[in-house]
Amino acid sequence: MAKLSGGGRMTPPEPVFSEPWHAQVFAVTVRLNETGHLPWPEWAAAFSRTLKRHGLSKELDGGDDYFLAWLETLEKVLVSKGMAETSDITAIKAAWETAYLRTPHGKPVHLAD
């Protein structure tokens, strides 16, 4: 939420996501909902099942544990709807991991063509 600074000006809100990939996986899910590919009640039920399966009964703070469960759910939903193949998801993950491991620290990560 935006706040008033000492000079009466509005300051921008704090970031909602602690990592860029958290925002990206959230945005993909929202876009699937907006385009009619993923009704929100269906998403919420699938995500709840993932959290329950992992035993994540603790209150999550929006960190990696929460978004890894979110990503797992998104992958399963994409496969179940025929929008992605498990083998494609596995190949993309492997390509990103390889690119990440080959990238010098502090440099942008790029997938090979």
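Glu 75 is buried in this predicted model, with a relative accessible area of 16%. The cut-off for that term is under 20%, so Glu 75 falls on the buried side. The residue belongs to helix α3. Setting aside neighbours within four places in sequence, Glu 75 is in contact with Ile 89 and Lys 93.

What kind of interaction do the side chains of Glu 75 and Lys 93 form? They meet in a salt bridge, at 3.2 Å from N to O. This pair links distant parts of the chain, since Glu 75 sits in helix α3 and Lys 93 in helix α4, 18 residues apart. Lys 93, for its part, is partly exposed, with a relative accessible area of 45%. The bridge therefore joins a buried glutamate at 16% to a partly exposed lysine at 45%.

I turn next to the other salt bridges. The count for the protein comes to four, and I shall describe two more of them. Arg 53 is paired with Glu 72, and their closest N and O atoms are 2.8 Å apart. Here too distant parts of the chain are linked: Arg 53 lies in helix α2 and Glu 72 in helix α3, with their positions 19 residues apart. A further bridge joins the side chains of Arg 31 and Glu 34, at 3.8 Å from N to O. Both of these residues lie in helix α1, three residues apart, which is about one turn of the helix. Arg 31 counts as exposed at 51% relative accessibility, and Glu 34 is exposed as well, at 55%.

Let me now place these helices in the whole protein. The secondary structure comes to four helices and two strands, and along the sequence they follow the pattern β-β-α-α-α-α. Of the 113 residues, 21% are buried. Among contacts with a separation of 6 or more, 43% are between residues 24 or more positions apart. The protein exposes about 8500 Å², and carbon and sulfur atoms supply 58% of that area.

Helix α2 merits a closer look. It covers residues 40-54, and its 15 residues should span 21 Å at 1.5 Å a residue; the end C-alpha atoms are 21 Å apart, which agrees. Which residues of α2 are buried? They are Trp 43, Ala 46, Phe 47, Thr 50 and Leu 51. Viewed down the axis of α2, these buried residues fall within an arc of 140 degrees, so they line one face of the helix. The cover over them includes α1 (20-34) and α3 (64-80). On the other side of α2, Pro 41, Arg 49 and Lys 52 are exposed. Just after the helix, Gly 55 takes a positive phi of about 70 degrees.

Finally, I come to the surface around Trp 96. This residue is in helix α4 and is partly exposed, with a relative accessible area of 42%. Together with Ile 92 and Leu 111, Trp 96 makes a nonpolar surface patch of about 290 Å². Ala 112 lies in the segment after α4 (86-102). Is Ala 112 buried or exposed? At 74% relative accessibility, it counts as exposed. Its C-alpha atom is separated by 9.1 Å from that of Trp 96, while the two residues are 16 residues apart along the chain.

How values were computed
Residues are numbered from 1 along each chain as its sequence is written. This is a predicted model: local features need pLDDT of at least 70, side-chain atom pairs count only at pLDDT 80 or more; totals for chains, interfaces and linings use all residues. Side-chain values use heavy atoms; hydrogens and water are left out. Buried means under 20% relative accessible area, exposed over 50%, partly exposed in between (1.4 Å probe, protein chains only). The expected span of a helix is 1.5 Å times one less than its number of residues. The arc is that of the directions from the helix axis to the C-beta atoms. Contact means heavy atoms within 4.5 Å. Patches are made of residues with over 30% relative accessible area and no salt bridge: like charges are joined within 9 Å, nonpolar side chains (Val, Leu, Ile, Met, Phe, Trp, Tyr) within 5 Å. Accessible areas come from the Shrake-Rupley method with a 1.4 Å probe; for residues, only the protein chains shown count as cover.
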